[in-house]
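Work through the three exercises below with the coordinates open. Each task is followed by a stepwise solution.

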Amino acid sequence: MAISNSSREAILARIREGLRTPAPPIGDKTFYGPIFEAVGNPLERFQQECKANLMECLLTADAAGSAQALAQVLQSLPDGEVFVQDDPVLRRLITVASSQRQIRWSSQGGPLEKSQATVTLADALIAQTGSVFVSASCGGRGASVVAPTHIVYATEKQLIPDLVTALRKATADGRLERNSYACVISGSSRTADIEKILVQGAHGPMRLAVIVEIGA
C-alpha cells in the first residue's frame, strides 16, 4: 500500500531538478596570501609554535644535558612504568639519566595502559607549526597515544621548515613506504567541543615534552 509523503516528494523533486542542471566550471581560485608566515629561524619559530601548542620545548647543549632534561621530566611524573622506544640513542639517554623507574622497551611489546609516559624519537620537527612528525618506526602506533605523557627526543638537524618538506623527505627516504602509518603531532591532545571549554588529554597524552639537542 503506497503511502503519500508530500515532503519526501518535494525533496526528491528538488534533487532531480538539481541533477538536470549542469554544474558550473571550476575556475582558478585566488589566494590572498600564505596560510602560515615564512620561516626565518627554524629553531626560534619551533619554540614559538610549541608555546602556542601548549607543549614543552627543552633545549639542551649535548647528550648529558639531554639525559638530565629527560631525568627531570621523568621525576615529575607519578610512579609507574615508562615505555621507551628500543633504540641505541634512547638506551644511552636512559642509562645516563639514571632513572629508577621500571622501563618497558618497545622490543618487549607495545605500551601498557598503566604506562605513565612514553619516550620516543622523532622522524622530524616541523618549525612552521611546532609539530613532531613520527611514523610507526618511532616506538609503534601506541607510543604517541597511550600514556598521559609523551616525551620526544630530537636534534636540531631534524628541524625542517614545513609539512610539505617533511612529507617530501619522508617519501624520498622510503619512510612512508616502510611504515604502516605516519602522524603529525601538534601539541598535547585537546578539545573544546563542549561549551568551548579546553580539555587536554581528550584522546591522547595531556602532556608533550620535546627535548631538542642543539648542534647535534
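**Exercise 1.** Is serine 66 buried or exposed? Then place this residue in its surroundings.

Solution. The model is predicted.
- Step 1: the relative accessibility of serine 66 is 0%, so the residue counts as buried.
- Step 2: serine 66 belongs to helix 3, which covers residues 63-75.
- Step 3: leaving out residues up to four places away in sequence, serine 66 touches Thr60, Leu93, Tyr153, Ile211 and Glu213.
- Step 4: with threonine 60 there is also a polar contact between the side chains, at 2.7 Å.

**Exercise 2.** Determine how many disulfides the whole structure holds, and examine cysteine 50 and cysteine 183.

Solution.
- Step 1: searching the whole structure gives zero disulfides.
- Step 2: for cysteine 50, the nearest cysteine sulfur belongs to cysteine 57 and lies 4.5 Å away; a disulfide requires sulfur atoms within 2.5 Å.
- Step 3: for cysteine 183, the closest cysteine sulfur is in cysteine 138, at 10 Å, which is too far for a bond.
- Step 4: cysteine 50 is buried, at a relative accessible area of 0%, whereas cysteine 183 is partly exposed, at 26%.

**Exercise 3.** Identify which strands stand at the edges of the four-strand open sheet, and describe the pairing of strand 5 with strand 8.

Solution.
- Step 1: the strand order is 8-5-6-9, with mixed pairing.
- Step 2: strand 8 (159-160) and strand 9 (182-185) are the edges; each has a single partner strand, so one side of each lacks a neighbour in the sheet.
- Step 3: strand 5 (residues 124-126) runs parallel to strand 8, and two bridges join them.
- Step 4: isoleucine 126 stands opposite isoleucine 160 of strand 8.

Notes. Residues numbered from 1 in each chain as written. Predicted model: local features only at pLDDT ≥ 70, side-chain atom pairs only at ≥ 80, totals over all residues. Heavy atoms only, no water. Buried < 20%, exposed > 50% of the residue type's maximum accessible area, 1.4 Å probe, protein only. Polar contact = N/O pair within 3.5 Å; in protein donor to acceptor, adjacent residues only side chain to side chain. Contact = heavy atoms within 4.5 Å. Pairing = 2+ DSSP bridges.
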